[in-house]
Amino acid sequence: MAKEIQAYRAYSPRIKHGRMNETIEIAEYIAGRSSLTAGDVYGVLLNLKDAFSEFSRAGKAFRLEGVGIFSPTVDKEGRFDITFRLDKGV
């Protein structure tokens, strides 16, 4: 069994991660495809962060159409987290 796990780790597909994009870069990307300014989009993204926090603290899952579902969880040590399930259409 251990050899099977080692083989899986050695030969399974992997994603090569590039540099992480920051919020302002995402805002600029969206602004380039809309009539909004990067500042407007940046403000919306910051408000979205606040909405995630508020809904999660209230124990509510939420869906962003075309993105996915975010659900609050607590592990056995009492640590808070948010799980994410990608939207099926993506």
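The exercises below, each with a worked solution, concern a predicted model of one protein chain.

**Exercise 1. The order of the elements**

State how many helices and strands the protein chain has, and give the pattern they follow along the sequence.

Solution. Begin with the count: the protein chain holds three helices and three strands. Next, read along the sequence, where the pattern is α-α-α-β-β-β.

**Exercise 2. The overall form**

Set the radius of gyration of the protein chain against that of a compact globule of 90 residues, then describe the spans, the buried share and the contacts.

Solution. Step one: the protein chain has a radius of gyration of 18 Å, whereas a compact globule of 90 residues would have one near 12 Å. Step two: the C-alpha trace spans about 55 × 35 × 25 Å along its principal axes. Step three: of the 90 residues, 12% are buried. Step four: take the contacts with a separation of 6 or more; 5% of these join residues 24 or more positions apart. Step five: the accessible surface is about 7,900 Å², and carbon and sulfur atoms account for 56% of that surface.

**Exercise 3. The largest pocket**

Find the volume of the largest pocket, list its lining residues, and sort the lining by element and by class.

Solution. The volume of the largest pocket is about 160 Å³. Its lining is made up of T23, I26, L45, L46, L48, K49 and F52. Two elements, α2 (23-31) and α3 (38-57), each give two or more residues to this lining. The largest share, five residues, is that of α3. Sorting by class gives five nonpolar residues, one polar residue and one charged residue.

**Exercise 4. Two residues**

Decide for L36 and for S56 whether the residue is buried, partly exposed or exposed, and name the contacts of each beyond four places in sequence.

Solution for L36. Locate the residue: L36 sits in the loop between α2 and α3. Its relative accessible area is 42%. The range for partly exposed lies between 20% and 50%, so L36 is partly exposed. Leaving out residues up to four places away in sequence, L36 touches A31 and V41.

Solution for S56. Locate the residue: S56 belongs to helix α3. Its relative accessibility is 3%. Buried means under 20%, and therefore S56 counts as buried. With neighbours within four places in sequence set aside, S56 is in contact with F62, P72, F80 and I82.

Technical notes: Residues numbered from 1 in each chain as written. Predicted model: local features only at pLDDT ≥ 70, side-chain atom pairs only at ≥ 80, totals over all residues. Heavy atoms only, no water. 1 Å grid on protein atoms, 1.4 Å probe; cavity = no way out; pocket = protein on both sides within 12 Å on 5 of 7 lines; lining within 4 Å. Points joined across faces, edges and corners; volume = space filled by probe spheres on them. Helix = DSSP H or I, 4+ residues; strand = E, 2+ residues; numbered from the N terminus. Nonpolar A, V, L, I, M, F, W, Y, C, P; charged D, E, K, R; others polar. Rg over C-alpha atoms; globule rule 2.2 N^0.38 Å. Buried < 20%, exposed > 50% of the residue type's maximum accessible area, 1.4 Å probe, protein only. Contact = heavy atoms within 4.5 Å. Areas by Shrake-Rupley, 256 points an atom, 1.4 Å probe, with all protein chains shown as cover.
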